[in-house]
Amino acid sequence: MAASATPAGKPRQPSISQLRAFVAVAEQLHFRDAAAAIGMSQPALSGAVAALEETLGVQLLERTTRKVLLSPAGERLAARARTVLEAVGELLEEAEAARAPFTGVLRLGVIPTVAPYLLPTVLRLVRERYPRLDLQVYEEQTASLLDGLAHGRLDLLLLAVPLGAPGVVELPLFDEDFVLVTPRDHWLGGRDDIPREALKELDLLLLDEGHCLRDQALDICREAGRTEGTPVTTSAAGLSTLVQLVAGGLGVTLLPRTALRVETARNDHLATGDFADPAPARRIALAMRAGAARTEEFEAFAEALREALRPLPVRVAGRSAGTRSQGRSAGTRSQGWSAGTRSQGWSA
């Protein structure tokens, strides 16, 4: 199959629409599903792929009555086509950002152990300060969020750091302490000087695999001297269920302080205890792709969000240009943050 040419003899260029159609078929291996995925009619999609094959002069697909397969050339060119579409997406993103900051769509990914407690502040900030910003929120676990950021499905993440992910810049927002949540009559309930070593032998309840909060809690326990063989009961997919299990006397758990009021305030079967300094803590940040077209906008958003978060029981970060992700958190209170105490600053 020879590549087609213009009347002047120059090779014709494939269109963006043709490339989008081909990539959709390459991913779905089904014309109807591919058409639905990109909002194109099936005849139009088939025509676009056929036109691309004519333009390039190669057969991209092997069609049968039952299925669609990529030809050897199609396998190679699908990867190239994805790269072209990603570059075009970055071009459009750059143009949109250049036209006006804080307008258009902002796709924000948030982890489940942050979303219920910080989103009210985030949404209020956007509504009052950035009314022309179309904020779209996606609640997912960390691995899914990072994949979405890397592939352009998400623009900005709100999650616990450090991430250890290449090509990701972290914009720190705050540190917050972990609090021990116990049944009401537990011997550690109500204390404000709990040593970390107390975690060695406690019946600890944690979230399911995949939640970063589970990994952070296990890191804290290892630092406290808890051995790998000490059982940990994993019984909950969310913090609300976890707290109910504690109230039922099945064990104790660790909660970030921002979650404390929401999850424990209406349950008189629970008690809480604070750790002795330095208390175990986690750091929450915004994360963006290195070199993102909207870097200045995201940095300004991070600074505005830090100010909006000051009423919460956290230690807010100072202004920062952002740091590339590396390493894992040591689970301890960080230095260099603005003042704040564990007992004051709750939001209204």
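Reader: In which sense do β3 and β5 run, and how many bridges join them?

Author: In this predicted model, L108 stands opposite L156 in β5, which gives one place at which to look at the pairing. Strands β3 and β5 run parallel, and the number of bridges that join them is three.

Reader: Which strand pairs with β5 in the antiparallel sense, and over how many bridges?

Author: A useful point of reference is A160, which stands opposite I284 in β11. The antiparallel pairing of β5 is with β11, and the bridges over which the two strands pair number five.

Reader: How many of the residues of β5 are buried?

Author: Buried here means a relative accessible area under 20%, and that is the cut-off to apply to each residue of the strand. Strand β5 is largely enclosed by the rest of the structure, because the buried residues number six of six.

Reader: Which parts of the chain does the salt bridge between R107 and D155 tie together, and how far apart in sequence are they?

Author: The side chains of R107 and D155 meet in a salt bridge, with 2.7 Å from N to O. Since R107 lies in strand β3 (residues 104-110) and D155 in the loop between α6 (142-150) and β5 (156-161), the pair ties together parts whose separation in sequence is 48 residues.

Reader: Is D155 buried or exposed, and what is its relative accessible area?

Author: Its partner R107 has 25% relative accessibility and therefore counts as partly exposed, given that the buried class lies under 20%. D155, by contrast, is buried, and its relative accessible area is 4%.

Reader: Where do D274 and R257 lie, and how many residues apart in sequence are the parts that they tie together?

Author: D274 forms a salt bridge with R257, and the closest N and O atoms are 2.6 Å apart. D274 lies in the loop between β10 (270-273) and β11 (281-289), while R257 lies in helix α9 (residues 257-264), so the parts tied together by this pair are apart in sequence by 17 residues. As for its surroundings, R257 is buried, with a relative accessible area of 5%.

Reader: Which residue forms a salt bridge with R294?

Author: Both members of this pair are buried, and their closest N and O atoms are 3.0 Å apart. A search of the whole structure finds twelve salt bridges, and in this one the partner of R294 is E297.

Reader: What span does helix α5 reach from its first C-alpha to its last?

Author: Helix α5 covers residues 115-129, that is 15 residues, and at 1.5 Å a residue the expected span is 21 Å. Its buried residues include Y117, L118 and L125. The span in the model is close to the expected one, at 20 Å.

Reader: Which helix gives the most to the lining of the largest pocket?

Author: The largest pocket has a volume of about 590 Å³, and of the 21 residues that line it, the closest to its centre are G89, E90, E93, G152 and R289. By class, the lining has eight nonpolar, four polar and nine charged residues. At least two lining residues come from each of α4 (72-99), β3 and α6, and the element that gives the most, with eight residues, is α4.

Reader: Which helix supplies the largest share of the lining of the second largest pocket?

Author: About 410 Å³ of space lies in this pocket, and its 13 lining residues include V23, E27, R82, L85 and E86, which lie nearest its centre. Helices α1 (16-28), α2 (31-38) and α4 each supply at least two residues of the lining. The largest share, six residues, comes from α1.

Key
Residues numbered from 1 in each chain as written. Predicted model: local features only at pLDDT ≥ 70, side-chain atom pairs only at ≥ 80, totals over all residues. Heavy atoms only, no water. Salt bridge = Lys/Arg side-chain N within 4 Å of Asp/Glu carboxyl O. Helix = DSSP H or I, 4+ residues; strand = E, 2+ residues; numbered from the N terminus. Buried < 20%, exposed > 50% of the residue type's maximum accessible area, 1.4 Å probe, protein only. Expected span 1.5 Å × (residues − 1). 1 Å grid on protein atoms, 1.4 Å probe; cavity = no way out; pocket = protein on both sides within 12 Å on 5 of 7 lines; lining within 4 Å. Points joined across faces, edges and corners; volume = space filled by probe spheres on them. Nonpolar A, V, L, I, M, F, W, Y, C, P; charged D, E, K, R; others polar. Pairing = 2+ DSSP bridges.
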